Amino acid sequence: MKNLHKTIQTGQKGKLSGSRSVLDDFYLNSLQEMYYAENEIAKEFGKIEDKIRSPNLKAILHNHYAIHLKHKERLEKIFLLNEESIESKNCKTFNALLSEGLSHLSLFSNDIANWEIALILVSQKLAHYKIASYGGLAHLAINLNYYKAATLLAFSAQEEEEYIADNLNGIIDAFLTSHIEGYKN
């Protein structure tokens, strides 16, 4: 991480000297940000899980929490594979997404049906962030020849994609359909 803010110097024949070191630092920095994001998700889920009234939504989010724990464990394995200490680093992008999500939830604090719809949408945004982050990290790991780490990161990205496809897409359709039906009567 010591080279993260240094300017990359060009060496002989136009090759970048130090770019491997900068890429390694960028990779580690990004892993630490994902570890931070996973920890923040756990904290926020603990604060809201008792507010969820839909048994189906509660089950889906509890299943996703179990997936989240696997992601955290994988990140810890990756730190150890790279002989790095397990650390998190504040992530402004994730904080902005989370802050926006919490703001959306507060709009419906007294309207449980719409609060749960907002919760599903917030979950989708966070899952898409994780897909992009884990996918990008997997590509960085391949570029850095960290193939075991790349595999673990790709698994996490795939699990998030499956979570959205198998759970969130269907439940948002069900919630919106039932909500719209209530207005028709």
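Is Q124 buried or exposed in this structure? Before I answer, please keep in mind that what we are looking at is a predicted model. Q124 is buried, because its relative accessible area is 15%, and the cut-off for buried is under 20%. This residue lies in helix α4, and, if we set aside its neighbours within four places in sequence, Q124 is in contact with I164, L168, N169 and I172.

Let me turn from α4 to helix α1, which takes in residues 19–48. With 30 residues at 1.5 Å a residue, α1 should span 44 Å, and the C-alpha atoms at its ends are 43 Å apart, which agrees with that expectation. Of those 30 residues, 21 are buried, so α1 is largely enclosed by the rest of the structure.

How do α1 and α4 pack, and at what angle? Their axes are 10 Å apart and the angle is about 160°, which makes α1 roughly antiparallel to α4, since angles over 145 degrees count as such. The crossing of the two helices is left-handed. On the α1 side, the residues that meet α4 include R20, L23, F26, Y27 and I48, while on the α4 side the partners include W115, L119, Y129, K130 and N143.

Y27 brings me to the aromatic rings, where a search of the whole structure finds four pairs. In one of them, Y27 and Y146 form a tilted pair, with 5.4 Å from centre to centre and 40° between the planes. This pair links distant parts of the chain, for Y27 sits in helix α1 and Y146 in the loop between α4 and α5, 119 residues apart. As for accessibility, Y27 is buried, with a relative accessible area of 1%, whereas Y146, at 21%, counts as partly exposed.

A further pair is formed by F45 and Y65, and here the ring centres are 5.3 Å apart with the planes at 20°, so the pair is stacked. This pair, too, links distant parts of the chain, with F45 in helix α1 and Y65 in helix α2, 20 residues apart. F45 counts as buried at 11% relative accessibility, while Y65, at 27%, counts as partly exposed.

To gather the threads, α1 is a largely enclosed helix that packs against α4, and it contributes Y27 to the pair with Y146 and F45 to the pair with Y65.

Key
Residues are numbered from 1 along each chain as its sequence is written. This is a predicted model: local features need pLDDT of at least 70, side-chain atom pairs count only at pLDDT 80 or more; totals for chains, interfaces and linings use all residues. Side-chain values use heavy atoms; hydrogens and water are left out. Helices (H or I, at least four residues) and strands (E, at least two) are DSSP runs, numbered from the N terminus. The expected span of a helix is 1.5 Å times one less than its number of residues. Buried means under 20% relative accessible area, exposed over 50%, partly exposed in between (1.4 Å probe, protein chains only). Rings of Phe, Tyr and Trp (its six-membered ring) pair if their centres lie within 6.5 Å; planes under 30 degrees apart count as stacked, over 60 as edge-to-face and the rest as tilted. Axes are lines fitted to C-alpha atoms, for helices over the stretch in contact, and angles run from 0 to 180 degrees between N-to-C directions. Angles under 35 degrees count as roughly parallel, over 145 as roughly antiparallel, 65 to 115 as roughly perpendicular and the rest as oblique. A crossing is left-handed if the near helix is turned anticlockwise from the far one by less than a right angle, and right-handed if clockwise. Contact means heavy atoms within 4.5 Å.
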